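Dear colleague,

I am handing over the structure we spoke of, and I would be grateful if you could read the notes below alongside it. They take up the cysteines, then the metal site, and then the ligand pocket.

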Amino acid sequence: MMTITVVTAGERETLDVASSFAGSLVRGDVVALTGDLGAGKTVFARGVARSFGVNEDVTSPTFTLIHEYPCSPPLYHMDMYRMESIDEIRNIGVEDYLYGDGVCLVEWAEKLGELYPAEAIHVHIKHLGGDRREITIERSEKP
Ligand code: ADP
Ligand code: MG
């Protein structure tokens with residue numbers, strides 16, 4: 001397991017951290033985002049999307065569940081916040097995205113339960129007070 005921890009002092013720094021992190025992403029990667037409401041999961045997703053060349057607005061897909069950004073590889077941005085069971089998540093077809101050939105960004109990924117991919121890159125964002133956030137990136141080493 002490789003773990004990186006960084007503290008950011010504001011939204012812009014989180015965008016920058018996410019953009020440089022995005023350079024390491026390849027087709028099939030799943031980025032599992034966790035952290036409280038307002039921690040910065042969507043800001044982080046925005047930074048990743050920016051690095052992928054996405055020009056449109058990147059907002060929480062809380063109601064639409066999945067935003068697909070037309071880049072290469074395609075970026076699928078999901079939010080599990082409103083999901084109430086694994087069956088509901090399964091019925092939406094989330095597994096097709098998780099095991100597809102795009103890059104997935106999943107907010108509230110802890111809700112995936114047994115669907116949480118073993119190879120997911122886990123990004124946890126923690127409030128440190130004010131505009132400070134601690135971002136921990138954990139990834140298992142690929143064989
Ligand atoms: P989440 O998706 O985790 O619920 P958002 O990304 O939507 O959270 O919101 C994070 C909020 O916190 C934004 O309003 C953002 O401007 C603010 N913010 C303040 N400091 C930071 C920081 N260091 N990193 C990210 N967001 C920050
Ligand atoms: Mg969000």
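There are zero disulfides in the structure, which, please keep in mind, is a predicted model. Cys-71 takes part in no disulfide, and the cysteine sulfur nearest to its own, that of Cys-104, is 12 Å away. Because a disulfide requires two cysteine sulfur atoms within 2.5 Å, the separation of 12 Å between the sulfur of Cys-104 and its closest counterpart, in Cys-71, is too far for a bond. As to their surroundings, Cys-71 is buried, with a relative accessible area of 15%, and Cys-104 is also buried, with a value of 0%.

Turning to the metal site, the magnesium ion (ligand 2) has as its protein donors OG1 of Thr-42, OG of Ser-60 and an OE atom of Glu-107, which lie 2.1 to 2.2 Å from the ion. Along the chain these donors follow the spacing T-x17-S-x46-E. Thr-42 and Ser-60 link distant parts of the chain, being 18 residues apart, with Thr-42 in helix α2 (residues 41–51) and Ser-60 in the loop between α2 and β3 (66–69). Their exposure can be set side by side: Thr-42 is buried, at a relative accessible area of 13%, whereas Ser-60, at 33%, counts as partly exposed.

Thr-42 also brings us to the other ligand, since the side chain of Thr-42 has an N or O atom 2.9 Å from an oxygen atom of ligand 1. Taken alone, ligand 1 exposes 570 Å², of which the protein buries 77%. The elements that contribute two or more residues to the shell around ligand 1 are α1 (11–22) and α2, and α2 gives the most, with three residues.

In total, 15 residues surround ligand 1, and the closest of them are Glu-11, Thr-14, Gly-38, Lys-41 and Asp-131. By character, the shell around ligand 1 divides into three nonpolar, six polar and six charged residues. Two further contacts involve nitrogen atoms of ligand 1: one nitrogen atom is 3.1 Å from an N or O atom in the side chain of Thr-8, and a nitrogen atom of ligand 1 lies 3.2 Å from a backbone N or O atom of Gly-10.

If you look at one residue before the others, I would suggest Thr-42, which is a donor of the magnesium ion (ligand 2) and also places a side-chain N or O atom 2.9 Å from an oxygen atom of ligand 1.

With best regards

Methods. Residues are numbered from 1 along each chain as its sequence is written. Chains are lettered from A and ligands numbered from 1 in the order in which they are written. This is a predicted model: local features need pLDDT of at least 70, side-chain atom pairs count only at pLDDT 80 or more; totals for chains, interfaces and linings use all residues. Side-chain values use heavy atoms; hydrogens and water are left out. Buried means under 20% relative accessible area, exposed over 50%, partly exposed in between (1.4 Å probe, protein chains only). Donors are N, O and S atoms within 2.8 Å of the metal (3.2 Å for Na, K and Ca); water is not among the atoms, so sites may look incomplete. Helices (H or I, at least four residues) and strands (E, at least two) are DSSP runs, numbered from the N terminus. A residue is near a molecule or strand if one of its heavy atoms lies within 4 Å of it. A polar contact is a pair of N or O atoms within 3.5 Å; within protein, one must be able to donate a hydrogen and the other to accept it, and residues adjacent in sequence count only if both atoms are side-chain atoms. Accessible areas come from the Shrake-Rupley method with a 1.4 Å probe; for residues, only the protein chains shown count as cover. Ala, Val, Leu, Ile, Met, Phe, Trp, Tyr, Cys and Pro count as nonpolar, Asp, Glu, Lys and Arg as charged, and the others, Gly among them, as polar.
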